[in-house]
Amino acid sequence: RGVMTAETARLLIDRALAFADGQCLFAFQGGEPTLAGLPFFRDFSAYVREHPAAGRLRVHYALQTNGLTLDEAWMDWLRRERVLVGVSLDGPKDLHDSQRLDAQGKGTFQRVTAAIRLLERSGVDYNILTVVHGGNVRRAQRLYRFFTESGFRYQQYIECLDPLGCEPGRQSWSLTPERYAAFLCQLFDAWYQDVAAGRPAHNRYFENLLMMLLGQEPESCNLRGVCGEQWVVEADGSVYPCDFYV
């Protein structure tokens, strides 16, 4: 649908800030959101900053990216606006490069990890988002050890699902419920070992389960059983209650 126009972005901001109570989070996802260009994001946050409603709200930003376009100019904006960056990294080089190739068909591991180190040097908060697929589902503990030994202690794992309408389990990257269950068990063992040793890593899924066991409401909507207070807005202004329904 192309890049959101400035007019649509400002209408989105107007509506969101008028509706928000206490705080408002703008989370940019894609595709690859950085392809909209840094000027789009600078204009977006400048309009928010100057908005009459911004004074009564705490405004936060998040950005999910493959990291390939991040450079020093991006660091200035990310640091100034205190953007939480999610970086897509599917494990060590061989596992990541098996699926994540650039437009020339080359692996992107080196470029992604270089972007992560740039975020660290620039003081920008980030976490790692890992897609669990058929190529890495049997490598749970290897994935976890790679991340923790690399200093990537804020981790999220999401399952790769077959497209709707296709017979599941037919692709090289397909998961099965049994494989994913085994993955979670192995991942938990490695994570719990570190927790018991006093060096916990953040794992969103496990920490949501702990919240439930403690009688608290989990923050993840798929475990709460109800949709969260969020909306997905496409580039043309179309609004959806969840990215699964776009």
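Which residues in α2 meet which residues in α3? Let's find out by walking through this predicted model together.

**Stop 1: α2 and α3**

Select helix α2, residues 38-50, and then α3, residues 72-80. Show the side chains of L38, F41, R42 and S45 in α2; these meet A73, W74, W77 and R80 in α3. Now look along the two helices: their axes are 11 Å apart, and the packing angle is about 20 degrees. Angles under 35 degrees count as roughly parallel, and α2 and α3 are therefore roughly parallel to each other. The crossing of α2 past α3 is left-handed.

**Stop 2: α1 and α2**

Keep α2 on screen and add helix α1, residues 6-19. Here the axes come within 10 Å and cross at roughly 35 degrees. This crossing is right-handed. On the α1 side, the contact is made by A9, R10, L12, I13 and D14, and on the α2 side by F40, F44, Y47 and V48.

**Stop 3: helix α5**

Next, select residues 109-121, which form helix α5. This helix has 13 residues and reaches 19 Å from its first C-alpha to its last, close to the expected 18 Å. Colour its buried residues: F109, V112, T113, A115, I116, L118 and L119. As you look at their numbering, keep one general point in mind: an α-helix has 3.6 residues a turn, so residues three or four places apart point the same way.

What covers the buried residues of α5? The cover includes α3, β3 (84-88), α4 (93-97), β4 (126-132) and α6 (140-149). Following α5 you will find G123, whose phi is positive, near 75 degrees.

**Stop 4: into the nonpolar core**

Now click on L89. Leaving aside neighbours within four places in sequence, L89 is in contact with several residues of α5, namely F109, V112, T113 and I116. Other contacts of L89 include H96, I128, L129, F146 and F152. L89 is also among the residues with the most contacts inside the largest nonpolar core, which has 56 residues. The others in that group are F26, F28, F44, L78, L119 and F183. You have already seen F44 in the α1 contact and L119 among the buried residues of α5.

**Stop 5: K106**

Finish in the loop between α4 and α5, where you can select K106. Is K106 buried or exposed? Its relative accessibility is 57%, so K106 counts as exposed. Not counting residues up to four places away in sequence, K106 touches R100 and L101. For a last distance, pick the C-alpha atoms of K106 and M75: they are separated by 25 Å, and the two residues are 31 apart along the chain.

Methods: Residues numbered from 1 in each chain as written. Predicted model: local features only at pLDDT ≥ 70, side-chain atom pairs only at ≥ 80, totals over all residues. Heavy atoms only, no water. Helix = DSSP H or I, 4+ residues; strand = E, 2+ residues; numbered from the N terminus. Expected span 1.5 Å × (residues − 1). Buried < 20%, exposed > 50% of the residue type's maximum accessible area, 1.4 Å probe, protein only. Contact = heavy atoms within 4.5 Å. Core = buried A, V, L, I, M, F, W, Y, C linked by side-chain atoms within 4.5 Å. Axes fitted to C-alpha atoms, helices over the stretch in contact; angles between N-to-C directions. Parallel < 35°, antiparallel > 145°, perpendicular 65-115°, else oblique. Left-handed = near helix turned anticlockwise from the far one by under 90°.
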